[in-house]
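Me: Could you take a close look at one helix for me and tell me how its residues sit in the fold? I'd like one connected walk-through.

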Amino acid sequence: MEGGWERARQISRRMAHGAADAGRATVRASKATASGTARAGKATANGARKVGKATRRLTYANGADRTGLGRLIELSAGNSASDAMVTVALASTVFFGVPVGEARGSVALYLVITMLPFGLLAPFVGPILDRFRSGRRYVMAGTLFGRGLLCFAMAAAVGPGDLPTLFIGALGVLVLSKAYNVSRAAIMPSVLPADITLVSANARVALFTLISAGVAVPLGAGLTAWLGSAAVLRIAMVAFLLLGVAAVRLPRHIDSPDLDEEGESPRWRTLLKVGPAVAEAVWANVAIRVFSGFLLFFLLFLVQDKAVPWLALDDPLTRDPFFDIPKTIALLAAAAGVGGLVGAVAANWTRNHAPQLIVLVTLAVTVVTTIVTAIFFGLWTALAICLVTAFAQELGKLALDAIVQREIGEEVRSSTFGVVEAVLQLAWVFGGLVGLVLSLSESSTAGLVTLTVALTAALGWLLVSRRRRVRATKDKLRRQRAEAEAAADRPQPPRTDTLDSTKPLTNPNG
């Protein structure tokens with residue numbers, strides 16, 4: 001009996017030692033895990049700090065730290081990232097979360113709702129911003145604070161599925177985002193360093209905004225899948241509010257004094273009053289925007305309907321078993337993103353060229369690529385047209401901004417940008433509606449040929465108009481030069497106010 005108790009005590013002692021050893025091993029493992037996590041956190045923090053320093057060196061280069069351009073670039077990058085997160089959060093609730101047949105109706109309704117307010121607000125947004133030139137920082141901050149409040153409202157509407165609130169909120173975010181872009185473009189000459197051209201400064205802003213949006217899209221998609229759309233909208237709300245505070249802290253010289261005289265009537269800007277150079281650049285960008293909106297929705301619904309050769313079920317010879325609908329959409333989106341990024345980078349390379357020439361070249365490249373795509377439509381030509389269209393849209397818009405900033409005075413610059421942004425937005429929406437309608441035919445050839453004819457006609461009209469304008473300008477200069485030469489050769493009449501040296505000087509007072 002005593003031997004049994006002794007064996008039991010030995011077993012319990014061994015079990016206690018084993019538990020103690022297991023506890024010590026657990027503690028050691030926990031310490032090792034905590035140490036590894038701490039090291040990983042430090043490495044991540046050091047990497048983020050190095051990336052931040054390298055980014056700041058790029059944004060503050062060439063005197064951008066002294067003029068405020070660097071801080072404006074950082075603010076615009078944060079604005080773009082926040083807008084991208086809102087777009088990703090709404091995509092799963094408004095667009096991609098519904099079947100294809102219902103998505104067409106929802107997207108068409110959204111495009112129409114988007115078009116109407118821009119048509120109504122276009123004559124008023126620009127002049128209002130011009131009236132607040134002395135408080136541009138606060139106008140920009142107001143657009144950011146307003147989007148933060150709208151994100152809060154949309155986050156509350158996601159749960160019950162309140163689509164009207166989501167549509168109105170998304171529309172408000174879009175309008176305020178355009179108002180921010182108008183204000184940012186209008187103040188660009190105020191923060192332009194001496195060593196940077198307008199095209200290069202616009203390209204630098206566009207490059208960092210595209211990169212920040214490219215980083216925010218997958219991050220927002222992951223957070224949406226993990227936390228839901230409402231949580232991502234609340235994160236965007238916090239980001240917008242912090243960016244609004246940063247906008248108020250921009251340099252004070254951004255706010256220009258109001259120089260309008262009392263009683264002076266406000267000046268309104270339309271496309272008929274901006275001058276031939278600006279109008280030509282605007283119409284070229286309108287053609288590119290129409291095609292961009294068309295291509296987005298046309299290809300998207302063709303792919304979802306499997307009406308493209310590499311997804312066609314009834315044609316096993318052209319169908320590619322590797323590419324499915326998600327992979328195709330991802331490739332097309334990636335091509336568009338790369339095209340926009342290349343366009344922003346190319347703007348720095350073309351900074352010494354005339355912006356008017358850049359605009360026409362981008363439209364010509366788009367026309368040629370569209371013709372080739374219509375003839376040899378397939379996966380690789382679809383990727384090529386997405387890349388080229390995004391490239392042309394980005395580079396053409398940067399050149400247009402530089403033309404407006406150079407040709408238009410500060411007192412009406414915001415009005416001009418307001419009209420330009422509204423016209424380009426309406427053009428994109430119109431192109432999207434055309435793409436929705438033509439996608440019902442499920443024929444890639446019909447849609448691409450139609451837009452090819454329209455783009456070619458637009459390019460031809462712009463080239464003819466430019467040739468006439470250049471010829472008229474040369475004729476006017478030639479006439480002015482001939483008149484100046486004739487005036488120089490014409491004998492001058494004798495002057496009657498000179499004194500005659502042969503007559504004696506007399507005193508009129510005697």
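Reply: Here is a look at helix 11 and what surrounds it. Keep in mind that this is a predicted model.

Helix 11 covers residues 355-375, and L360 is a handy place to start, since it lies in that helix and counts as buried because its relative accessibility is 8%, under the 20% cut-off. If you skip the neighbours within four places in sequence, L360 is in contact with E280, L459, L462, L463 and R466. Take E280: it sits 80 residues from L360 in sequence, yet the two C-alpha atoms are 8.9 Å apart.

Now go to L363. With residues up to four places away in sequence left out, L363 touches A284, A287, I288, L455, L459 and L462. L459 and L462 turn up for L360 too. L363 also belongs to the largest nonpolar core, a set of 110 residues in which L363, L69 and V86 touch the most other members. The biggest contributor to that core is helix 9 (residues 276-304), which supplies 16 residues. A separate core of six residues lies apart from it, with V107, F297, F301 and L436 among its members.

What about the nonpolar surface? V368, which is also in helix 11, joins I371, V372, I375 and F376 in a nonpolar surface patch of about 480 Å². In soluble globular proteins, nonpolar side chains tend to be buried together. So on helix 11 you can pick out L360 as a buried residue and V368 as part of a surface patch.

Notes:
Residues are numbered from 1 along each chain as its sequence is written. This is a predicted model: local features need pLDDT of at least 70, side-chain atom pairs count only at pLDDT 80 or more; totals for chains, interfaces and linings use all residues. Side-chain values use heavy atoms; hydrogens and water are left out. A nonpolar core is a set of buried Ala, Val, Leu, Ile, Met, Phe, Trp, Tyr and Cys residues joined through side-chain atoms within 4.5 Å. Buried means under 20% relative accessible area, exposed over 50%, partly exposed in between (1.4 Å probe, protein chains only). Helices (H or I, at least four residues) and strands (E, at least two) are DSSP runs, numbered from the N terminus. Contact means heavy atoms within 4.5 Å. Patches are made of residues with over 30% relative accessible area and no salt bridge: like charges are joined within 9 Å, nonpolar side chains (Val, Leu, Ile, Met, Phe, Trp, Tyr) within 5 Å. Accessible areas come from the Shrake-Rupley method with a 1.4 Å probe; for residues, only the protein chains shown count as cover. A salt bridge is a side-chain nitrogen of Lys or Arg within 4 Å of a carboxyl oxygen of Asp or Glu.
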